[in-house]
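Please walk through this structure with the sequence and the 3D view side by side. The text below goes from strand pairing to helices and then to aromatic rings.

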Amino acid sequence: MSEMLERERRIWWASPYTLVILMIMTLLTAGCSTRIADMTVITTRIVALDRVDLDKLPTKRRVAGESTRWTILIIPLGFPTIKEAVDDALDKGGGDLMTDAVVTSEGWTAILFGLTRLKVEGDVVKTRN
């Protein structure tokens, strides 16, 4: 009877198998963020800058746009693009040009699925009326 009580008193995570499984799950669950570029001006639209003073135009500060794709069983379901991220930011900011933009790549994985994202954040300027 005392042997049964002793077994019940053991902590469940003290088993070597449990520790190995936890270590493997920790290694398979990962994420990171990397700064890819700093850009003075970026756009995906046709803009004539020869007669434009950017300081006098309406600007929305720190607008972020994203392009996201999922991964299932390490198979990517497409790839995020900077064009989609910039278009998303320009649509959110109601402009056609970004200044002081920062492009970052973010991603994470959790054993069976994951996410890859390109993010563009900057000031959106409206050059057209």
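In this predicted model, strand E1, residues 29–42, is joined to strand E4, residues 97–110, by 12 bridges, and the two run antiparallel. One place to look at this pairing is Ala30, whose bridge partner in E4 is Thr109.

Thr109 also leads on to the next strand, since its bridge partner in E5 is Gly114. Strand E5 covers residues 113–125 and is joined to E4 by 12 bridges, again with the strands running antiparallel. E4 and E5 form a hairpin, with two residues between them. In that turn, Ile111 has a positive phi of about 60°.

How are the strands ordered in the sheet? Five strands form an open sheet in the order E1-E4-E5-E2-E3, and the pairing is antiparallel. The edge strands are E1 and E3, the latter made of residues 75–76, and each of them pairs on one side only. The partner of E3 is strand E2, residues 59–72, and these two pair in the antiparallel sense over two bridges. Here Thr71 stands opposite Pro76 in E3.

Two helices can now be placed against these strands. Helix H2, residues 16–28, lies across E1 and E4 and runs at about 10° to E1. Helix H3, residues 82–93, lies across E1, E2, E4 and E5, running at about 140° to E2.

The last topic is the aromatic rings. The structure holds three aromatic pairs. One of them is formed by Trp70 and Phe113, with 6.5 Å centre to centre and 55° between the planes, and this pair is tilted. Trp70 lies in strand E2 and Phe113 in strand E5, so the pair ties together parts that are 43 residues apart in sequence. Are these two residues buried or exposed? Trp70 is partly exposed, because its relative accessible area is 44%, and a value between 20% and 50% counts as partly exposed. Phe113 is also partly exposed, with a relative accessible area of 40%.

Phe113 has a further partner in Trp108: their rings form an edge-to-face pair, 5.8 Å centre to centre, with 80° between the planes. Trp108 counts as partly exposed, at 34% relative accessibility. Taken together, Trp70, Trp108 and Phe113 form one aromatic cluster.

Conventions:
Residues are numbered from 1 along each chain as its sequence is written. This is a predicted model: local features need pLDDT of at least 70, side-chain atom pairs count only at pLDDT 80 or more; totals for chains, interfaces and linings use all residues. Side-chain values use heavy atoms; hydrogens and water are left out. Two strands pair if DSSP finds at least two bridges between them. Helices (H or I, at least four residues) and strands (E, at least two) are DSSP runs, numbered from the N terminus. Contact means heavy atoms within 4.5 Å. Axes are lines fitted to C-alpha atoms, for helices over the stretch in contact, and angles run from 0 to 180 degrees between N-to-C directions. Rings of Phe, Tyr and Trp (its six-membered ring) pair if their centres lie within 6.5 Å; planes under 30 degrees apart count as stacked, over 60 as edge-to-face and the rest as tilted. Buried means under 20% relative accessible area, exposed over 50%, partly exposed in between (1.4 Å probe, protein chains only).
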